[in-house]
Amino acid sequence: MQTTPHGAPPVKDRITRGTPVGFELVGVKKRALIQLMGSRLWGRFNPNHWDPVYAQETGLAAPIQTGEMSTAYLSEMCVNYLGENYYRNARMVCKYVSSTQANDVITTHGVVTAKEPKGDGFRFTIDIWAEDQDGQKKTVGQMEADVDV
């Protein structure tokens, strides 16, 4: 699939009332960079998120990314497919199942698992997850959003 210069799918590939159950979202791919993991916005308050020496002293193999960063990647993918519907009467629930270490490459995925009539449109349920370069799931969750309601 071609994407726009910002990585979003073209408008014709976004989730619409005609999108079937089983539709797969093409995710975003991000590297867990210590520079971002240690930024004031994400994990500056805890050296386990940016200091390799401190992380090893506390038993970690490397600094770990905050779970919110994976949620942000999943949100980016969902915004790409749902557009403004992501911001209206939508719900995202995530669970962090494994830590993401510095320099892991995280890719997001999504599959439409349900489509229920609602008003003039549909309520979509999308299973979402983020996994590392080895295919290990790091964050799992579900997104629900109304389209054309």
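Is Lys30 buried, partly exposed or exposed, and at what relative accessibility? In this predicted model, Lys30 counts as partly exposed, at 27% relative accessibility. The side chain of Lys30 forms a salt bridge with Glu76, in which the closest N and O atoms are 3.0 Å apart. This pair links distant parts of the chain, since Glu76 belongs to helix α3 (residues 67-82) and Lys30 to strand β1, with the two positions 46 residues apart in the numbering. Glu76 is likewise assigned to the partly exposed class, its relative accessibility being 28%.

Strand β1 (residues 24-31) also takes part in strand pairing. Six bridges connect β1 with strand β3 (residues 105-118), and the two strands are antiparallel. Within this pairing, Arg31 is placed opposite Val105 of β3. Strand β3 is in turn joined to strand β4 (residues 121-131) by eleven bridges, again in the antiparallel sense. Here Thr107 faces Glu131 of β4. Two residues separate the strands in the hairpin of β3 and β4, and Gly119 in this hairpin adopts a positive phi near 55°.

Backbone angles were examined next. Most residues other than glycine have a negative phi. Asn103, which is not a glycine, nevertheless has a positive phi of about 75°. This residue is located in the loop between β2 (91-96) and β3, and Asn103 is partly exposed, with 46% relative accessibility. A positive phi, near 60°, is also found at Asp148, another residue other than glycine. Asp148 lies in the segment that follows β5 (137-147) and is partly exposed at 42% relative accessibility.

The side chain of Asp148 is engaged in a salt bridge with that of Arg17, at an N to O distance of 3.3 Å. Because Arg17 lies in the segment before β1 and Asp148 in the segment after β5, the pair ties together parts that are 131 residues apart in sequence. Arg17 is partly exposed, with 39% relative accessibility.

In total, seven salt bridges are counted in the model. One of them brings together the side chains of Arg123 and Glu144, with 3.2 Å from N to O. Arg123 is part of strand β4 and Glu144 of strand β5, so this contact ties together parts that are 21 residues apart in sequence. In contrast to the partly exposed Arg17, Arg123 counts as buried at 16% relative accessibility. Glu144 is buried as well, at 19%. Salt bridges with shared partners connect Arg123 and Glu144 with Arg91, Lys118 and Asp146 in one network.

A further charged residue, Lys138, is situated in strand β5. Lys138 is buried, its relative accessible area being 3%. When residues up to four places away in sequence are left out, the contacts of Lys138 include Lys95, Tyr96, Asp104, Ile106, Ala130 and Glu131.

Finally, the cysteines were considered. No disulfides are found in a search of the whole structure. Cys78 is in no disulfide, and the nearest cysteine sulfur, that of Cys94, is 8.2 Å away. Why does the sulfur of Cys94 form no bond with that of Cys78? At 8.2 Å, this closest cysteine sulfur is too far for a bond, because a disulfide requires the two sulfur atoms to be within 2.5 Å. The surroundings of the two residues can also be described: Cys78 is buried, with a relative accessible area of 0%, whereas Cys94 is partly exposed at 24% relative accessibility.

Note on methods:
Residues are numbered from 1 along each chain as its sequence is written. This is a predicted model: local features need pLDDT of at least 70, side-chain atom pairs count only at pLDDT 80 or more; totals for chains, interfaces and linings use all residues. Side-chain values use heavy atoms; hydrogens and water are left out. Two strands pair if DSSP finds at least two bridges between them. Helices (H or I, at least four residues) and strands (E, at least two) are DSSP runs, numbered from the N terminus. Buried means under 20% relative accessible area, exposed over 50%, partly exposed in between (1.4 Å probe, protein chains only). Contact means heavy atoms within 4.5 Å. A salt bridge is a side-chain nitrogen of Lys or Arg within 4 Å of a carboxyl oxygen of Asp or Glu.
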